[in-house]
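Biologist: Could you walk me through this one slowly? I'd like to start with the charges.

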Amino acid sequence: KEEPPAKIEGVTIERGTGFLGLQIVNGNFKLSFYDAKKKPVAPDVTTAVLRWNVNYQPGPERVTLTPGGGINSLTSVRVIRQPYSFRLTLLLLKGTGDGADTETFQVDFSQ
């Protein structure tokens, strides 16, 4: 018997052999991690940083996502202002300091 296709919550981002799901829940960003079969997995990074341009201030908004919101996700603590439609840069950090491994993604986010 075949399993129904798994669903990724939020905007789907392909990542190596897996996927990421980015969404805003209760005004906060939530980044979830999935394997190649779209099954939830624990994050393999320590932190994520999001940056996007807004029209209500001259500089971009930035937010840091840390573990929280479930064992398979990173979340922000700061509430995000609407509208939720922008192009953002997602930076994943594994480790700390100058020796941290990074991955960068450009995402057209809309919710």
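Biologist: So how many positive and negative side chains are there, and how far apart do the centres of the two sets lie?
Modeller: The protein chain carries 13 positive and 11 negative side chains, with the centres of the two sets 5 Å apart. Lys and Arg count as positive and Asp and Glu as negative, while His and the chain ends are not counted. Each charge is placed at NZ of Lys, CZ of Arg, CG of Asp or CD of Glu.

Biologist: What should I keep in mind about the model itself?
Modeller: This is a predicted model, in which local features need pLDDT of at least 70 and side-chain atom pairs count only at pLDDT 80 or more, whereas totals for chains, interfaces and linings use all residues. Residues are numbered from 1 along each chain as its sequence is written, and side-chain values use heavy atoms, leaving out hydrogens and water.

Biologist: New topic: how many helices and strands does the protein chain have?
Modeller: There are 0 helices and 8 strands, where helices (H or I, at least four residues) and strands (E, at least two) are DSSP runs, numbered from the N terminus.

Biologist: And in strand β1, which side chains are buried?
Modeller: In β1 (residues 11–15), V11, I13 and R15 point to one face and are buried, while T12 and E14 point to the other and are not; buried means under 20% relative accessible area, with a 1.4 Å probe and protein chains only.

Biologist: Why that alternation?
Modeller: In a regular strand the side chains alternate between the two faces of the sheet.

Biologist: In what sense do β1 and β2 pair?
Modeller: Strand β2 (residues 18–25) pairs with β1 in the antiparallel sense over 5 bridges, and pairing requires that DSSP finds at least two bridges between two strands. The bridge partner of V11 in β2 is L22.

Terms used. Buried < 20%, exposed > 50% of the residue type's maximum accessible area, 1.4 Å probe, protein only.
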